Amino acid sequence: MKEISENSKKRLLILSRLLSQQTQTRLTSLKIAELTGWSDTTIRKDLSLLGLHFGVSNGYDVKSLKQGIDSALGFNPPLIKQNVCIVGLSEIGQALLNPIFFEKTPFSLVAGFDTNQNRLDLIKTKIPLFPTLDLETKIRQLNINFALLAVADEKAQFMAERLVNYGIKAIINYTNTVLSLPKNIKLTNASPSALLSKIAF
């Protein structure tokens, strides 16, 4: 199997989710292009990186293709769930505090953190909630590798550095702050303004 670029990985992840929603047993690359908005050439190039041999004259077998993608990306059973936390439980953080977002994914939402104890007491959820004073202990205790960062902008850099120091390997940044982190930390900016700017420009 050839090395898969980050952009191809992102498309293959989306394609895997798309395939799980299909009721058809076969899909052509042209149909996939129609569903995703990607070019037929891009789809064929991404799938060629998997090192799998599919007959494409009458389309791809949906089940086999999904298994091939998941295997290439390391998602095939036995699936090792990756634990995720949310840091910052104001409006955006609370909106993310829903296990349904993580169903049928290799991720489990296992904790939420906030500095405001009153807010923690008022939030109704089955997800365990903790004060940020417990970050270090709980991240290590619960084996958390991924964090969704939704604190106030002015606290984002400080909190991100704490998360990295406590063992977090990847952060999705929902703040408007441009974070400066070590190169080995995976970082995705997901604030509405960042995503809108990316689409617009």
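Nine helices and eight strands make up this chain, and the model is a predicted one. Six of the strands line up in an open sheet with parallel pairing. Of the 201 residues, 39% count as buried. Here's the quick tour, from the whole chain down to single residues.

**The whole chain**

- Picture a box of roughly 60 × 40 × 30 Å along the principal axes: that's what the C-alpha atoms fill.
- About 12300 Å² of the chain is exposed, and 54% of that comes from carbon and sulfur atoms.
- If you look at contacts with a sequence separation of 6 or more, 55% of them link residues 24 or more positions apart.
- On the charge side, there are 24 positive and 16 negative charges, and their mean positions sit 6 Å apart.

**The sheet**

- Reading across the open sheet, the strand order is β5-β4-β3-β6-β7-β8.
- The edges belong to β5 (129-131) and β8 (186-189); each has a single partner strand, so one side of each has no neighbour in the sheet.
- Going from one strand to the next, the twist averages 25°.
- Strands in a sheet pair through backbone hydrogen bonds, in either a parallel or an antiparallel way.
- For a pair to look at, try β3 (residues 82-87) and β4 (residues 107-114), which run parallel and share six bridges.
- Within that pairing, Cys85 has Ala111 of β4 as its bridge partner.

**Helix α8 and what it packs on**

- Helix α8 (residues 156-165) lies across β3, β6 (144-149) and β7 (170-173), and runs at about 175° to β6.
- Which residues of α8 are buried? They are Ala156, Met159, Ala160, Arg162, Leu163 and Val164.
- An α-helix has 3.6 residues a turn, so residues three or four places apart point the same way.
- The buried residues of α8 pack against the strands β3, β6 and β7, and also against helix α7.
- Just after α8 comes Gly167, with a positive phi near 110°.

**A backbone spot before β6**

- Asn143 sits in the loop that joins α7 (135-141) to β6.
- Its phi is near 55°, which is a positive value in a residue other than glycine.

**Two helix residues: Ser16 and Ala200**

- Ser16 is part of helix α1 (residues 6-20).
- Is Ser16 buried or exposed? The cut-off for buried is under 20% relative accessible area, and Ser16 has 7% relative accessibility, so Ser16 counts as buried.
- Setting aside neighbours within four places in sequence, Ser16 touches Lys66, Ile69 and Asp70.
- Ser16 and Ile127 are 111 residues apart in sequence, and their C-alpha atoms are 27 Å apart in space.
- Over in helix α9 (residues 192-200) you'll find Ala200.
- Exposed means over 50%, and Ala200 has a relative accessible area of 54%, so Ala200 is exposed.
- From Ala200 to Tyr174, the C-alpha separation is 18 Å, with their positions 26 residues apart along the chain.

**To take away**

- The sheet is open and parallel, with β5 and β8 at its edges.
- Helix α8 lies across three of the strands, β3, β6 and β7.
- Of the two helix residues above, Ser16 is buried, whereas Ala200 is exposed.

Definitions and conventions
Residues are numbered from 1 along each chain as its sequence is written. This is a predicted model: local features need pLDDT of at least 70, side-chain atom pairs count only at pLDDT 80 or more; totals for chains, interfaces and linings use all residues. Side-chain values use heavy atoms; hydrogens and water are left out. Two strands pair if DSSP finds at least two bridges between them. Helices (H or I, at least four residues) and strands (E, at least two) are DSSP runs, numbered from the N terminus. Axes are lines fitted to C-alpha atoms, for helices over the stretch in contact, and angles run from 0 to 180 degrees between N-to-C directions. Contact means heavy atoms within 4.5 Å. Buried means under 20% relative accessible area, exposed over 50%, partly exposed in between (1.4 Å probe, protein chains only). Accessible areas come from the Shrake-Rupley method with a 1.4 Å probe; for residues, only the protein chains shown count as cover. Lys and Arg count as positive and Asp and Glu as negative; His and the chain ends are not counted. The place of a charge is taken as NZ of Lys, CZ of Arg, CG of Asp or CD of Glu.
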